[in-house]
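Here are a few exercises to work through with the model open beside you. Try each one before you read the solution.

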Amino acid sequence: MKKYSIWLIALGIWLFISCSEQAAPSVTTGTVTITLTGLNDDLSGLGVQLRNISTGSTFVEQTDQQGTATFSVVPGLYEASTSQSRATTGNEYYSYNGASGQITVQSNQQTLVAITMKRAVISRLVIKELYCGGCMADDGVTSFQYDKCVILYNNSAEPASYDNLCFGMGAPANAQATNNNYTADGHLTYEGEGFTPVWNGIWYFPSTLTIAPYSQVVVNIHGAIDNTLTISQSVNYANPDYYCMFDPESGYNNQRYCPTPSEVIPTSHYLRAVVFGQGNAWPLSNSAPSIVLFQTKDTAPAAFAQNTSNYWYDGGGANSIKRCVKVPNEWVIDAIEVFSSDYATQCVKRLTADIDAGYVWMTNKKGHSIYRNVDQQATEALQENDGRLVYSYALGVDGSTDPSGIDAEASIRNGAHIIYQNTNNATNDFHQRQLCSLKK
């Protein structure tokens, strides 16, 4: 009887395992074949990134000579992007970028995707850093988010001068917001139209801005005062070299966002604004903004922004809350697409591939900033940098770091000249820094 009982138990275990194995669902995959077009030379060896929008998982494959990369991935919704820099005669450099969103992958099916590579001129003037997420207050419970800034940098050995230099923000304000500017096949409605919509209002320098070689200009967005007097983790903008966005007569007069600047900042360093939407403060997102640096050509910034023929509406319709202006893409000097780490599965791009082919993740309320990566090869090639570069960079956040290993700020303090990476792809060009560089 004992042997019989043991046999029955063994049989039961075998049946349970067998049934469990048969009941387990099989994992199937789908194939995504991405073909790049728009470049006339060898297309082999270009890295194409595919990201699962739901899980955040990323995959990278190299293209063959026909510009084709093939992925085998689980079913889901994906987006793809790629970038390539090319040199031409005359020492000019261009960035070729491509992207496609809303790629649906189904089990045991092949999805064909064509990405047209678009060319953009690489400018000497770049956005070096964006600090917009705020920091924790001294009580350790509440946050403070009225101390934003953007830092511009002359990424070359020659002086850089710009007239009619402007800032704008993409629409919608947050990458995680519902975006009704996509077609059914996953393309932005304005892709290929030659413009970038800029929402709510613009800021511009009232006179020519000249930046010395390898030098920066700090532009305060909100709170051009010494914020550290009340919030120790914040930033002190009481500096006569800094610029600030302050123009209460424009309609942006909310004192919480735009208190009267520190008396040490000269009024000649006040940027001017044109409001064409609604609100009493420039509503740059503190979680997932897109910011655009551009230069109006053959027209003054105010005249351009007040021209109703330039209006465009986020998501359609004619609601002034959604009003944007159409900035011609050839006017864009630099731009950044930021995604929120807290809404990883909801963020979608607002900038087209020729403006910014990627995105950079940010966690707000922690004092973190978005900082541009160092172009290691170009920086190390400068003879004047011998013995002045500082390595072992350790200010990245959550695995996001500068792959060059060069501590740019420490190197600058050591007398080095930094050349930053600029491929018009935020995924490659930026990382999340523990704290704004103005905090050292």
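**Exercise 1: a residue and its neighbours**

Not counting residues up to four places away in sequence, which residues does N154 touch?

Keep in mind that you're looking at a predicted model. Start by finding N154 in strand β12, which covers residues 149-154. Next, collect the contacts: N154 touches R124, P159, A160, I211, A212, P213, Y214 and S215, once residues up to four places away in sequence are left out. Then look at the side chain, where a polar contact of 2.8 Å joins N154 to S156.

Now for a follow-up: is N154 buried or exposed? The relative accessible area of N154 is 0%, and buried means under 20%, so N154 counts as buried.

**Exercise 2: the strand around that residue**

Work out which way the β12 side chains point and how well the strand is covered.

Step one is to sort the residues by direction. C149, I151 and Y153 point one way from β12, while V150, L152 and N154 point the other way. Step two is to check both groups for burial, and all of them turn out to be buried. Put as a tally, six of the six residues of β12 are buried, so the strand is mostly covered.

**Exercise 3: the partners of β12**

How many bridges join β12 to β18?

Take β18 (residues 216-220) to begin with: five bridges join it to β12, and the two run antiparallel. Within that pairing, V217 of β18 is the bridge partner of L152. Now turn to strand β9 (residues 125-131), which pairs with β12 over six bridges, again in the antiparallel sense. Here L152 is the bridge partner of I127. Putting the two steps together, L152 has V217 as a bridge partner in β18 and is itself the partner of I127.

**Exercise 4: the whole sheet**

Lay out the sheet that holds these strands, and find its edges.

Read across the sheet and you get twelve strands in the order β25-β24-β21-β14-β16-β20-β19-β18-β12-β9-β26-β27. The sheet is open and its pairing is mixed. At the edges sit β25 (360-362) and β27 (430-433), each pairing on one side only. From one strand to the next, the twist averages 25°.

For a pairing elsewhere in the order, try β14 (residues 165-169) with β16 (residues 201-204): they are antiparallel over two bridges. One residue to look up there is C166, whose bridge partner in β16 is Y204.

**Exercise 5: the empty space**

How many cavities of 30 Å³ or more are there, and which residues lie nearest the centre of the largest cavity?

The count comes to three cavities of 30 Å³ or more. The largest cavity holds about 230 Å³ of space. Its lining has 22 residues, with A99, S100, G101, Y182 and K349 nearest the centre. Elements giving two or more residues to that lining are β2, β5 and β6 (93-105), and β6 has the largest share, with four residues.

Finish with the second largest pocket, which has a volume of about 300 Å³. It is lined by 14 residues, and G47, T82, S83, N425 and N428 are the closest to its centre. At least two lining residues come from each of β2 (47-52), β3 (58-62), β5 (76-87) and α5 (426-429). β5 gives the most, with five residues.

Key: Residues numbered from 1 in each chain as written. Predicted model: local features only at pLDDT ≥ 70, side-chain atom pairs only at ≥ 80, totals over all residues. Heavy atoms only, no water. Pairing = 2+ DSSP bridges. Axes fitted to C-alpha atoms, helices over the stretch in contact; angles between N-to-C directions. Buried < 20%, exposed > 50% of the residue type's maximum accessible area, 1.4 Å probe, protein only. Polar contact = N/O pair within 3.5 Å; in protein donor to acceptor, adjacent residues only side chain to side chain. Contact = heavy atoms within 4.5 Å. 1 Å grid on protein atoms, 1.4 Å probe; cavity = no way out; pocket = protein on both sides within 12 Å on 5 of 7 lines; lining within 4 Å. Points joined across faces, edges and corners; volume = space filled by probe spheres on them.
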